[in-house]
Structures are given as C-alpha cells and as structure tokens.
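This briefing concerns a single protein model and a selection of its residues. Please consult the sequence and structure shown here before reading the points that follow.

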Amino acid sequence: MRLRLAGAVLLSAAAYYVYLPLPSGVSEPWKLMLLDALFRSFMKASDVVHMLGVCHRVHLLNKIVSWVEVVEAHSCSAVHVTDSPLGGVPTRVFQPKGGKKLKRGVLYFHGGGWALCSGRMRSYDLLCRKMAEDLDAVILSVDYRLAPEAVFPDQYHDALAASRAFLSPEILQRYSIDPERVCVSGDSTGGNLAAAVAQELGSDKTLKVKFKAQALIYPVLQALDFYTPSYQQNQAVPILYRPVMARYWLQYLGADLSLEPILLANNHSSLDQLGISATTRYKLNWTALLPAKRRKHFQPVFKDTGSPGVVAKVPALIDARAAPLLADQGTLGQTPKAYVMTCEYDVLRDDGLMYVKRLQDAGVAVTSDHYEDGFHGCMVFAYPPMMSNVGWRSMNNYIHWLDQNL
C-alpha cells in the first residue's frame with residue numbers, strides 16, 4: 001500500500017512537472033511537453049552548476065549534448081561521410097554514392113543559439129544524410145565556433161570563411177559540385193548566419209561563383225524588438241522561450257548578461273536611443289511588414305525613454321551582419337532566391353515573415369513556408385525518439401523545395 005501511494009505521489013509530481021498549458025493548435029502537445037521538461041531539467045542543472053562556479057552553464061549543456069547526440073562520421077551504402085576542414089572551419093561532409101557526375105551542393109549551418117549544438121549531432125547527421133541521398137547533393141555541415149569563448153563576429157567570420165571556401169574552384173572540383181547549383185542554408189541561429197553570408201557574398205563583385213539559393217529555417221534575424229506579435233503570443237511556448245532568446249543574443253554579442261531585463265522590456269530600443277535611426281526602425285516595423293492575420297490584436301511596444309547608451313555599449317545590435325533583417329534594400333536585392341520556413345508557435349516567427357516581405361520588396365523571389373502547428377526547432381525532431389509529425393512534414397517540404405529550385 002505504501003509503495004502504491006509513493007508511486008502515485010511520484011507519478012503526480014512528474015505529471016505536474018511535465019504538464020504545460022499549450023495552444024490548442026500546436027502539433028502533438030504531449031511530445032512537446034516531454035521534450036520541454038527534459039530541456040528545462042538540463043537548463044536548471046546547468047544554472048546550478050554555473051552558480052556554484054563548477055563550470056559555465058553552456059559548457060555543461062554542450063557536454064550533455066555531446067554525450068547524448070554527437071556521433072562519429074560513418075558512411076553507409078548510399079552516403080560517404082567524412083570530417084574535413086572547410087576554410088579552416090571543422091565541417092562534416094556528406095557525399096552521395098553514384099548518381100550524376102556533377103552534384104548539387106548545400107552548405108549548412110546548425111542552430112543552437114550560437115552557443116550550443118554541432119553539425120556532428122545525430123539529428124543534423126540524419127538530416128544531412130537524407131538531403132544528400134534525396135537530392136543527389138553534397139552537403140557540408142559546418143561546426144563554427146561557439147559562445148562564450150567565441151562572440152560576434154567570430155561565428156559570422158567562420159561562416160563567411162567556410163562559404164568562401166565552399167564556392168572556391170578547389171572545393172567545387174574536389175567534391176564534383178555544379179557551380180550553378182549551390183545553396184546556403186541553416187536553422188535558427190544557423191539561419192541567421194546563412195542570411196548574413198548570403199548578403200555579404202551577394203554584394204561581392206569579385207566572386208566568380210555565388211550562391212544560387214538561400215534556405216532559412218525559422219531564422220533569428222533581429223534583437224531590437226522583443227515585442228513582435230510572435231514574441232508576445234509565444235513567450236511561454238517551448239522550446240525557445242523569450243528570455244532564453246534574449247540571453248542567447250547577449251552571449252553572441254559579447255554583452256553583459258545583466259542587460260537581459262532591459263532587452264525584454266525593449267528599453268534598449270526606446271525612442272531616445274540616438275544610435276537607432278528612423279530608417280533602421282522601419283526595417284523591423286512589423287505593423288507594416290506583417291499581414292493582419294499575424295499582427296492580430298497585438299500592439300507595438302517602443303518606449304519614449306529607456307536605458308540610455310545600450311546601443312553604444314552593444315553596437316552589434318544594429319549591425320546587419322549580426323541582425324540580417326536590418327540590411328538595406330540594395331543589399332537584400334543582390335541575394336539569391338529564398339526559402340523561409342516559419343512556425344506559428346515560435347517567438348521567431350515574425351523575424352522570418354518580416355524578412356520574407358523585405359526580400360520581396362527588394363525584388364527577390366521568395367517561398368514562404370509557414371506551419372500553423374509548428375514550433376521552434378521542430379524540423380530537427382523529425383526522427384526518433386520524438387518523431388515529430390510537423391517536423392517530418394517540414395523536413396520533407398524543405399528538401400522538396402531544394403529539389404525543385406536548385
């Protein structure tokens with residue numbers, strides 16, 4: 001009897017910890033609750049370890065990721081897999097066996113808040129293997145440097161170095177890649193890096209080979225407005241919470257983490273911030289850039305007075321290399337045709353949707369692929385153990401777009 005009672009209490013406690021009220025439209029809510037409970041446990045453990053001075057919270061999280069997810073490079077009957085540097089940056093290469101002599105090529109940047117994860121993780125390894133086999137394409141998955149040791153512009157420079165090397169005659173010849181069929185892609189913060197290098201290299205008149213497509217998966221593109229409709233609507237929706245995204249931004253930009261409350265209150269982008277011009281503000285004016293269906297009942301939050309000098313202390317907040325949504329129209333107009341995936345239950349939804357509109361206004365052909373039941377990170381959870389339904393759908397549609405447009 002006591003054992004049954006103890007079991008019932010433990011089960012109730014576990015259910016209480018796991019249960020989280022979620023929007024009715026989100027895909028497979030119980031799977032997302034379980035995933036979120038696991039993530040929250042790791043995050044809380046890392047915070048305790050950090051507070052005790054044992055190690056940085058990010059280091060513990062990456063050790064857990066490495067133990068659970070990182071796999072060695074191993075080939076299979078369909079795909080040859082190796083680890084090889086690209087422009088001095090560690091990279092995993094996926095080469096399909098057989099097929100056409102000249103292959104399509106995709107350069108991929110993983111997500112993880114510029115601080116976590118790796119292209120050697122099982123989830124990314126499986127994604128890139130499927131891309132290589134389904135597309136008969138060479139996929140290069142880049143392991144750029146991570147925060148806190150590396151901060152902006154280190155990750156950007158790694159992405160740029162890998163991109164320049166990828167487009168070089170030497171690499172194209174080594175992997176038999178067709179220079180007319182090359183794409184840059186990435187998810188979340190990897191989508192940020194992909195967008196940034198697409199802008200930089202699209203404007204580089206010295207390059208003989210340029211990317212022919214950019215595919216951005218729920219990208220993060222700006223850090224001036226933490227009150228977009230999607231930030232307001234989804235602030236309590238896993239797996240990417242609003243305060244966590246603010247912390248990722250501060251880590252990436254090498255800023256003091258004590259600024260987190262200032263960012264979350266939009267005090268860093270108040271109207272008295274002289275470093276933010278009217279032109280810059282227009283580039284993320286969601287009242288003009290988002291359709292009414294996404295604006296809903298939400299109202300902008302930009303204060304007359306805020307915390308003075310934040311932009312002066314953290315100038316990268318308005319640097320388009322860090323925040324690609326802030327690029328000027330001329331730069332955007334020189335980027336290749338685009339695919340932008342967004343998810344309804346994602347704080348970053350509106351970053352992607354605003355970028356779609358800005359690219360279209362600049363004359364770029366854009367495919368906007370929106371998932372009404374999607375959540376942040378869903379695509380990399382397509383495989384077991386989670387086997388996300390929306391993850392599987394989004395992954396297949398992403399690969400289908402590449403097949404049709406590359």
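The points below are grouped by residue and by surface feature.

The model is predicted. Three buried residues are treated in turn: glutamate 260, tyrosine 248 and threonine 342. A nonpolar surface patch that includes valine 54 is described last.

**Helix H9 and tyrosine 248**
- Tyrosine 248 belongs to helix H9, which spans residues 242-252.
- Its relative accessibility is 14%, so tyrosine 248 is classed as buried, the limit being under 20%.
- Beyond residues up to four places away in sequence, tyrosine 248 touches Gly113, Trp114, Leu116 and Leu240.
- Glycine 113 is separated from tyrosine 248 by 135 residues in sequence, yet their C-alpha atoms are 5.3 Å apart.

**Helix H10 and glutamate 260**
- Glutamate 260 is located in helix H10, residues 260-264.
- With 18% relative accessibility, glutamate 260 counts as buried, because that class covers values under 20%.
- Apart from neighbours within four places in sequence, the contacts of glutamate 260 are Pro243, Ala246, Arg247 and Leu250.

**Strand E7 and threonine 342**
- Threonine 342 lies in strand E7, which covers residues 337-345.
- The relative accessibility of threonine 342 is 1%, and the residue therefore counts as buried.
- Setting aside neighbours within four places in sequence, threonine 342 contacts Arg349, Gly352, Leu353, Asp369, His370 and Tyr371.

**Nonpolar surface patch**
- Val48, Met51, Leu52 and Val54 make a nonpolar surface patch of about 450 Å².
- Valine 54 sits in the loop between helix H2 (29-51) and helix H3 (57-68).
- The relative accessible area of valine 54 is 62%, so the residue is exposed, a class that requires over 50%.

Definitions and conventions: Residues numbered from 1 in each chain as written. Predicted model: local features only at pLDDT ≥ 70, side-chain atom pairs only at ≥ 80, totals over all residues. Heavy atoms only, no water. Helix = DSSP H or I, 4+ residues; strand = E, 2+ residues; numbered from the N terminus. Buried < 20%, exposed > 50% of the residue type's maximum accessible area, 1.4 Å probe, protein only. Contact = heavy atoms within 4.5 Å. Patch = residues over 30% accessible without salt bridge, like charges linked within 9 Å, V, L, I, M, F, W, Y side chains within 5 Å. Areas by Shrake-Rupley, 256 points an atom, 1.4 Å probe, with all protein chains shown as cover. Salt bridge = Lys/Arg side-chain N within 4 Å of Asp/Glu carboxyl O.
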